[in-house]
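I wanted to get to know this one from scratch, so I opened it and kept notes. Here is what I was looking at.

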There are 2 protein chains.
Amino acid sequence: MQPSETAADRAYAVIRERILDGTLAGGALVSEGEFAADLQLSRTPVREAFLRLQAEGWMTLYPKRGALVRPVSPDEDREVLEARLLVETAAVHTASAASDDAAALAEDLTGILERQRDALNTRDAEAFARADVDFHQRVAASGNNGILTAFYGTLQDRQRRMTATTVHRYDGAPHLLLEQHEALTRAIADRDPDAFAALLRRHVRENRAT
Amino acid sequence: MQPSETAADRAYAVIRERILDGTLAGGALVSEGEFAADLQLSRTPVREAFLRLQAEGWMTLYPKRGALVRPVSPDEDREVLEARLLVETAAVHTASAASDDAAALAEDLTGILERQRDALNTRDAEAFARADVDFHQRVAASGNNGILTAFYGTLQDRQRRMTATTVHRYDGAPHLLLEQHEALTRAIADRDPDAFAALLRRHVRENRAT
DNA sequence: TCCATACGACTTGTATCTATGCTGGATCGG
DNA sequence: CCGATCCAGCATAGATACAAGTCGTATGGA
């Protein structure tokens, strides 16, 4: 056994994953004992995981009653999209003011797009989705603001859960998504934050899943 | 005894307060046992508080070593101010698009300003600061986006800690601050988000403490 | 002197135990 | 038949016990 990862960490990772991928639906009422039995540990590490999940907003703990997996609120998708737009747009605006940052960003994005194109060709949906997340994460990070970048990460997690919950619909074909990413990258290379903002707005509206 | 508030909640509130008001300086190494003895409870609730504080970014837990109060990073004040500007500006932009929201916002802000003016007259620094926080919180909430509003709250907490850490300097007199708030409110009443943005930028730059 | 190691103090990680709160259903009185 | 009450079962809150990791220091040998 490799105890570099504690039992509490394992419990946390497992439960969080089940929430994010939709195995544990919103509104489900779970208890510490359940998971303790399931994961073969005592209730203590499970409890720690619950507390952490509550702090991150995934669960609500009701004293002496149990833990409720927080359901996705009706407004959540709008709110997440608004927030993502805001952070990404502001980041590109900042990056565009410094030619070095803009160039580095464009270069990194080109690399990620290459990976995504490969994934499309090899029909590796997993890698495709991963590249998609990386693309936007990299954009958000270009604002050179750790707080906002971290916040953006939480938005991606929320979105991941939402897309897992709802039926996963591809309004457009994957290659359309790729083309939009390419257009976004061009706007960055051109240091045109306004064009980027307009393209991004369309991008997220048309394809709420990414 | 009124156990409506659990021991863990109390421990959390106390420790968090000590971090935010600077009693517990950044970089301090603390242990569960210390606080357990101090607060007269067992390690369990203290541990829960530590976990929660870590999840919220106030502490870093080192396995078998102790807990470190996370120091304020050198970039943090810039990052917090950038993020606050971003969220408030976006919120007002949204609110300005709906006349009802803008009117309600202007009205609420006027009320808060009244409180703040009273506080200034009675020299109640505490109430003055509270009104200040409320003013900006209300602005942020006008964006009608719960996720962003909650995020804004965390920014205020971070800022509170920073201003507690550094010497609290008032670059301008309190009444200048009040005048700026009044100007901001007028911009909102006029549904002029661009003017608001410009005023706010100056406001936070001149007075990094609020 | 220098280095390796053994030890002790301190810390967290996890399990377990007790007390208490909540809830739903059975029971009793009307 | 209906509502108040009681109680068993379940879940958590918190305390405690114990195991194990880490570091500083003392100690003994080369």
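My notes below go through the two copies, their contact, the DNA side and one pair of helices.

**Entry 1: what kind of model**
Before anything else, I noted that this is a predicted model.

**Entry 2: the two copies**
How does chain B lie on chain A? I looked up the superposition: a turn of 180° and a shift of 0.1 Å along the axis lay chain B on chain A, with an RMSD of 0.2 Å. That is how a two-fold axis relates things.

**Entry 3: where the chains touch**
Next I checked the contact between the chains. Chain A puts in 17 residues and chain B puts in 17 residues. On the chain B side, I found that α3, α4 (76-97) and α7 (146-165) each supply at least two residues. Which of them gives the most? It's α4(B), with six residues. Sorting the chain B side by class, I got nine nonpolar, six charged and two polar residues.

I also wanted to know whether the copies use matching or unrelated surfaces. Of the interface residues of chain B, 100% are interface residues in chain A too, so the copies meet through the same surface.

**Entry 4: around DNA strand D**
Then I turned to the DNA. I found 19 residues around DNA strand D, and the ones that come nearest are A:Glu32, B:Thr6, B:Ala7, B:Ser42 and B:Thr44. Which elements supply at least two residues each to the surface near this strand? From chain A I wrote down α2 (32-39) and β3 (66-69), and from chain B α1 (7-20) and α3 (43-55). The largest share, three residues, comes from α3(B). I had already met α3 of chain B in the side that touches chain A. By class, the surface near DNA strand D holds eight nonpolar, six polar and five charged residues.

**Entry 5: a helix pair in chain A**
Last, I followed helix α8 (residues 174-189) and helix α9 (residues 193-206) of chain A. Their axes come within 9 Å and cross at roughly 165°. An angle over 145 degrees counts as roughly antiparallel, so that is what α8(A) is to α9(A). The crossing of α8(A) past α9(A) is left-handed.

Who makes the contact? From α8(A) I listed A:Gln180, A:Ala183, A:Leu184, A:Ala187 and A:Ile188. From α9(A) I listed A:Ala195, A:Phe196, A:Leu199, A:Leu200 and A:His203. Eight of these residues are nonpolar and two are polar, with no charged residues in the contact.

Definitions and conventions: Residues numbered from 1 in each chain as written. Chains lettered and ligands numbered in written order. Predicted model: local features only at pLDDT ≥ 70, side-chain atom pairs only at ≥ 80, totals over all residues. Least-squares fit on C-alpha atoms with pLDDT ≥ 70 in both. Contact = placed C-beta atoms within 7 Å. Near = placed C-beta within 6 Å. Helix = DSSP H or I, 4+ residues; strand = E, 2+ residues; numbered from the N terminus. Nonpolar A, V, L, I, M, F, W, Y, C, P; charged D, E, K, R; others polar. Axes fitted to C-alpha atoms, helices over the stretch in contact; angles between N-to-C directions. Parallel < 35°, antiparallel > 145°, perpendicular 65-115°, else oblique. Left-handed = near helix turned anticlockwise from the far one by under 90°.
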